[in-house]
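Below is a short set of questions and answers for a reader who has the coordinates open. Each answer works towards the name or value asked for.

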Amino acid sequence: MSNPVETSELTKRYGRSVAVENLNLTVPSGEVYGFLGPNGAGKTTTLRMLLGLTRPTSGSLRVFGKTPSAGYLSQVGALIEGPAFYPYLSGLENLRVLAGHAGVRRTRVDAVLETVDLAERAKDKYRTYSLGMKQRLGLAAALLKDPRLLILDEPTNGLDPVGMADMRTLLRKLAAEGVTVLLSSHLLAEVEQICDRFGVITNGQLVAETTIAELRAGGTLRVRAEPVDRAKAHLVSLVGAAAVHADGAAFDVRVAPGEAGRINTALVTAGVSVHELRWREPDLEQNFLELIGDDDHAG
Amino acid sequence: MLGDLRAELSKQLRRPSSWLLLAVAVVLSLTFGYLIPYAGLSGATSGPPGSDRGLASMLPDAFVGSALGGLPVFVGALALIFGVLVAGSEYGWETWKTVLAQGTSRFAVYGAKLLTMAVGVLVLVLALFAAAAGASALVAVVQDQPPHWPAVTEVLKGLGGGWLITMMWGTLGIALAVVFRSVALPIGLGLVWLLAVQNLLTSIAAPLLAWVAEAQKGLPGPNAGALVAGLGASTNTPGVSQLVGSGQAALVVAGYLLVFGGVGGWLLQRRDIG
């Protein structure tokens, strides 16, 4: 079966300015893929090309194996560059209009309004909605066709913390139902909480691609024990010298999180008093900056 | 395509400005076609164009011409504004992306907009005819005149001609909206052409320069004026003159309609959605 998203050497230029350059991106079925990068990196341009709103200068793209043509987005829902609706219509009327364009039954409108928790305000004019409500209506529009691929551009923009948590829950639920999600964000924390895998784009180029698990790798076990020399000798014998980093009277030991119990038992058995044994999460931001090669900000 | 048409019709039906434009067109048409001429009926024998129209032009058998009189100028301007709103608002509200992300094609949406325009201007022309018919019947009753109505074929020809002209101006509005990807500039430029430049060409340039007088025979405004003149509108009305024959005028107006529609569709298909 074809991947939901595949691009090959995808490039978009505006005059001499390059927005996206030779982008090779593959999003497999069922994955929640994050498209991470600073503002102006080329994320939205890429998503717009996937939706056929912007034409590539060169390269190719396929969505479920189809190139842009009539019916190409039949299984795709999208929210791009923030929500945009007709201000004089209610949320309900806006979705009914879009249901007409999408060729879906009107009964689907009520279902998606329930999904995004907007049914109570559905008959209010769109212009009276808060930014968060507009964003939820945008997501409702993206869900109208019961899509197999969701393309979301900064989906949590304007949402309050509860709304953001609801959005994350909804996206995980959709992913569990088999919907592939491609979302862009400039926030590492957002991608970390929602995505399985992510690509980093800067200056129009995909500079790194990794999983959240890989980014989280590198946490350390903080060990404070006495006597220090004996503790160090035992730690080195347990995990090797390369994994033990002395920090004053304490040690940072690079091991898997599940190893803490084994190390504690070994030290205590050897007569070493363990005063502190604490798992320290990796600094995701630090790892991220190293990943994208940002030497100015990486520590 | 049918879903797109339903969606476009729904947008315009629920839009207050669509009804406002219709109301303004009817009020202006009645004001300049009946109210002012009727007020001047008793005394004036000369004055501004249109003010010297006699009772005959306000009676039922002349209602088709009265209904069509405003089409080359102010009704045309209102149709152009309607066209700009139909297409240009999608740029202003950035809703093109919302619509096209639903998987419909640009061609289908553009086609639905043209059809919506066609329905909208048909409603406009029907409303103008109904208002003019009602006003003329009222004048006949008040003036104790026999109500002679025009033949059905004459009414149908008038409706067809009126639809063609308003559709042309509306499609120009759609094309301008696509060209400039906005609302304000297309309306401004469209109105400058329709209300100012055309009149300046007719009243100042054409009498002085023979080639301008000749070129006018190929311009949309003078042909729209010639068409409504052939359908019974008074040539005392601004923008209405028998510059060319009705057949030629209808062909030229239809030609512009196709050109405007084609240019708008081609550009929408070709360019990125902003």
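Q: Which residues of strand 3 of chain A lie on one side and which on the other, and are they buried or exposed?
A: In this predicted model, both faces of strand 3 of chain A are covered. In a regular strand the side chains alternate between the two faces of the sheet. Val32(A), Gly34(A) and Leu36(A) are on one side and Tyr33(A) and Phe35(A) on the other, and all are buried.

Q: How many residues of strand 3 of chain A are buried?
A: The strand spans residues 32-36 of chain A and is mostly covered. A residue is called buried if 20 or more other C-beta atoms lie within 10 Å of its own. By that cut-off, the count for strand 3 of chain A is five of five.

Q: Which residue of strand 7 of chain A stands opposite Gly34(A)?
A: Strand 3 of chain A pairs with strand 7 (residues 180-185) of chain A in the parallel sense, over five bridges. Within strand 7 of chain A, the residue opposite Gly34(A) is Leu183(A).

Q: Which residue of strand 8 of chain A stands opposite Phe35(A)?
A: Strand 8 of chain A covers residues 197-202 and runs parallel to strand 3 of chain A, with four bridges joining the two. Opposite Phe35(A) in strand 8 of chain A is Gly199(A).

Q: Which strands are the edge strands of the open sheet with the order 11-12-10-13 in chain A?
A: Four strands make up this open sheet, and their pairing is antiparallel. An edge strand here pairs on one side only. That applies to strand 11 (244-247) and strand 13 (273-280) of chain A.

Q: What is the average twist from one strand to the next in this sheet?
A: The sheet in question is the open one in chain A with antiparallel pairing. From one strand to the next, its twist averages 25°.

Q: What angle does helix 9 of chain A make with strand 13 of chain A?
A: Helix 9 (residues 260-269) of chain A packs on the sheet. The helix touches strand 10 (220-226) and strand 13 of chain A. Its direction and that of strand 13 of chain A make an angle of about 170°.

Q: Which helix of chain B gives the most to the side that touches chain A?
A: The contact involves 23 residues of chain B and 29 residues of chain A. On the chain B side, helix 1 (2-13) and helix 5 (96-100) each supply at least two residues. With six residues, the one that gives the most is helix 1 of chain B.

Q: How do the residues on the side of chain B that touches chain A divide into nonpolar, polar and charged?
A: This side of chain B has 23 residues in contact with chain A. They divide into seven nonpolar, eight polar and eight charged.

How values were computed. Residues numbered from 1 in each chain as written. Chains lettered and ligands numbered in written order. Predicted model: local features only at pLDDT ≥ 70, side-chain atom pairs only at ≥ 80, totals over all residues. Pairing = 2+ DSSP bridges. Axes fitted to C-alpha atoms, helices over the stretch in contact; angles between N-to-C directions. Contact = placed C-beta atoms within 7 Å. Nonpolar A, V, L, I, M, F, W, Y, C, P; charged D, E, K, R; others polar. Buried ≥ 20, exposed ≤ 12 C-beta atoms within 10 Å, placed from the backbone.
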